[in-house]
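These are my notebook entries from a session with one protein model. I set down what I looked up, in the order in which I looked it up.

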Amino acid sequence: MGDNHPKKFRREKIRKSIENIYISNSVVQISNYAFSNCQNVKSLEFEQNSQLQSIGDYAFKQCSLISSINVPNSVELIGSGAFQACIGLVEIILPEGVTGCGANWFHDCKNLERLVMPSTFKAVGGNSFGGCGKLNFEVAANNNTYKDID
């Protein structure tokens with residue numbers, strides 16, 4: 001597909017038109033790159049009683065206007081770079097059950113200030129927090145791998 005291919009331009013136009021993402025509770029997986037480069041998305045909401053189990057690699061990369069994400073309790077796996085370059089992101093709360101993150105998870109989330117890590121969180125992939133100069137971690141008291149230090 002060349003740079004001037006009509007399908008590429010339609011896809012980019014559609015991605016630019018998306019402002020709100022609402023994930024139904026029947027969705028169990030968000031595919032790799034599903035909403036990447038949707039730069040006008042302002043909100044990401046998950047329906048109550050979500051059955052979502054995994055968020056794919058780079059699924060929300062460069063969704064620049066999202067400021068907060070409350071990952072559903074059902075999620076166990078979040079892929080590499082899932083929220084990379086979400087520069088508007090200020091806060092993310094991870095549920096119990098998430099055990100770690102792949103590479104580049106929040107890389108270049110320049111305004112990310114707060115990350116809440118559950119007791120089940122054990123591993124951080126390479127360069128996951130590069131460019132996150134404002135980031136403060138809140139670690140569950142019963143997390144035996146990471147400790148919250150004041």
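The entries below go from the overall model to the strands and then to one loop residue.

**Entry 1: confidence.** I noted at the outset that this is a predicted model. I looked up the pLDDT and found an average of 88 for the protein, with 89% of the residues scoring at least 70. I then asked where confidence is lowest and where it is highest. The lowest value belongs to helix α1 (residues 6-17), with a mean of 66, and the highest to β2, at 97.

**Entry 2: overall make-up.** I counted 1 helix and 11 strands in the secondary structure. Along the sequence, the helix comes at the start of the pattern and the strands follow, as α-β-β-β-β-β-β-β-β-β-β-β. Of the 150 residues of the protein, 41% count as buried. I recorded an exposed area of about 8,100 Å², of which carbon and sulfur atoms supply 47%. For contacts between residues at least 6 apart in sequence, I found that 31% join residues at least 24 apart.

**Entry 3: the open sheet.** I traced an open sheet of 3 strands, in the order β2-β4-β6, with parallel pairing. Its edge strands are β2 (29-30) and β6 (77-78), each of which pairs on one side only. I followed the pairing of β2 with strand β4 (residues 54-55), which is parallel and runs over 2 bridges. Within this pair, glutamine 29 stands opposite serine 54 in β4.

**Entry 4: strands β7, β9 and β11.** I next asked over how many bridges β7 and β9 pair. Strand β7 (residues 91-93) and strand β9 (residues 114-117) are joined in the parallel sense over 3 bridges. Here isoleucine 93 faces valine 116 in β9 as its opposite residue. I found that β9 also pairs with strand β11 (residues 136-139), in the parallel sense and over 4 bridges. In that pairing, arginine 114 stands opposite asparagine 136 in β11.

**Entry 5: glutamine 84.** I located glutamine 84 in the loop between β6 and β7. I asked whether glutamine 84 is buried or exposed. Its relative accessible area is 13%, and the cut-off for buried is under 20%, so glutamine 84 counts as buried. I then listed what glutamine 84 touches, leaving aside residues up to four places away in sequence. The list consists of Tyr58, Lys61, Gln62, Asn104, Trp105, Phe106, His107 and Cys109.

Note on methods: Residues numbered from 1 in each chain as written. Predicted model: local features only at pLDDT ≥ 70, side-chain atom pairs only at ≥ 80, totals over all residues. Heavy atoms only, no water. Pairing = 2+ DSSP bridges. pLDDT = per-residue confidence, 0-100. Buried < 20%, exposed > 50% of the residue type's maximum accessible area, 1.4 Å probe, protein only. Contact = heavy atoms within 4.5 Å. Areas by Shrake-Rupley, 256 points an atom, 1.4 Å probe, with all protein chains shown as cover.
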